[in-house]
Amino acid sequence: MNLIILGPPGAGKGTQAKRLEEARDLVQLSTGDMLRAAAGTAVGKKAKAAMDRGEFVEDEVVVSIIEERIGLSDCQRGFILDGFPRTLAQAKALDEMLEQKGLKLRKVIEIHMDDGVLTERITGRFACAACGEGYHDKYRRPRVEGTCDACGGSEFSRRDDDNEEVVKARLGAYHAQTAPLLPYYRARGVLGEVDGMNEVDDVTRQISQLIDGA
Ligand code: ADP
Ligand code: AMP
């Protein structure tokens with residue numbers, strides 16, 4: 001089963017994609033994570049400049065990263081695209097890619113959010129530096145203060161682009177360039193919406209119902 005999770009920055013895409021990965025034995029493909037992991041390469045360095053401004057990285061760069069990644073054997077069991085596609089050009093490139101590989105999209109899940117809450121979600125976000133487990137200052141603190149629930153690590157990091165100023169640019173880019181994907185997928189009958197303002201477990205339940213009802 002192949003899925004897309006769409007939604008503005010901070011909506012909970014990564015949180016829900018990780019849960020789906022475990023619950024449904026799928027591979028999470030986050031273009032943001034892949035670009036950050038490429039920080040040491042020329043492509044990664046160029047991407048970081050755009051990311052730090054809250055702008056999108058060029059379509060060709062992210063399309064080729066995804067094309068290469070979904071060609072690997074682990075993706076045959078199914079994948080969740082998290083943060084891709086973000087433009088109509090990327091969505092069209094994905095359609096071609098899937099057709100060539102004989103793959104289908106089961107569902108595009110939109111995590112719907114009010115903009116006002118997103119800044120708080122993003123500026124409070126941090127992650128374990130060792131394993132990447134995600135936390136939030138208010139909504140998800142480690143069970144033991146200063147210790148990662150998942151791996152016991154004691155160092156945490158925050159993303160350079162998770163600050164109020166860059167969030168504004170990221171939200172602007174979402175509304176201008178990514179929101180047009182909603183009617184694009186709705187017209188194909190694959191779009192389903194969940195309310196991202198609810199608690200994490202509720203959002204997970206709504207997503208499960210959408211997938212199983214498909
Ligand atoms: P995205 O991948 O869409 O940018 P994340 O999954 O990283 O968003 O979530 C952003 C922040 O909000 C994280 O710190 C996460 O722990 C927290 N979070 C995610 N979903 C919820 C929710 N439903 N309610 C409260 N906080 C949430
Ligand atoms: P994310 O981790 O999904 O919040 O993405 C962080 C940043 O990476 C974004 O603000 C963009 O600069 C860049 N990025 C991630 N995915 C894409 C994409 N599909 N297209 C363009 N830029 C992307």
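How far does a polar side-chain atom of Arg36 lie from an oxygen atom of ligand 2? The distance is 2.9 Å, and keep in mind that this is a predicted model.

**View 1. Polar contacts hold the stage around ligand 2.** Besides Arg36, whose polar side-chain atom sits 2.9 Å from a ligand oxygen, have a look at Thr31: an N or O atom in its side chain is 2.8 Å from a nitrogen atom of ligand 2. Gln90 joins in too, with a polar side-chain atom 2.9 Å from a nitrogen atom of the ligand. On its own, ligand 2 would expose 480 Å², and the protein buries 96% of that.

**View 2. Here is the shell of residues around ligand 2.** The ligand is surrounded by 16 residues, and the closest are Thr31, Arg36, Glu55, Arg86 and Gln90. Sorted by class, the shell has six nonpolar, four polar and six charged residues. Helix α2, which covers residues 31-37, gives the largest share, with four residues.

**View 3. Strand β2 has side chains pointing two ways.** In this strand, residues 27-30, Val27 and Leu29 point one way, while Gln28 and Ser30 point the other way. Are these four buried or exposed? All of them are buried. As a rule, side chains in a regular strand alternate between the two faces of the sheet.

**View 4. Strand β2 meets its partner, strand β3.** Strand β3 spans residues 79-82, and the two strands pair in the parallel sense over four bridges. To find your way along the pair, look for Ser30 of β2, which stands opposite Asp82 in β3.

Notes
Residues are numbered from 1 along each chain as its sequence is written. Chains are lettered from A and ligands numbered from 1 in the order in which they are written. This is a predicted model: local features need pLDDT of at least 70, side-chain atom pairs count only at pLDDT 80 or more; totals for chains, interfaces and linings use all residues. Side-chain values use heavy atoms; hydrogens and water are left out. Buried means under 20% relative accessible area, exposed over 50%, partly exposed in between (1.4 Å probe, protein chains only). Two strands pair if DSSP finds at least two bridges between them. A residue is near a molecule or strand if one of its heavy atoms lies within 4 Å of it. A polar contact is a pair of N or O atoms within 3.5 Å; within protein, one must be able to donate a hydrogen and the other to accept it, and residues adjacent in sequence count only if both atoms are side-chain atoms. Accessible areas come from the Shrake-Rupley method with a 1.4 Å probe; for residues, only the protein chains shown count as cover. Ala, Val, Leu, Ile, Met, Phe, Trp, Tyr, Cys and Pro count as nonpolar, Asp, Glu, Lys and Arg as charged, and the others, Gly among them, as polar.
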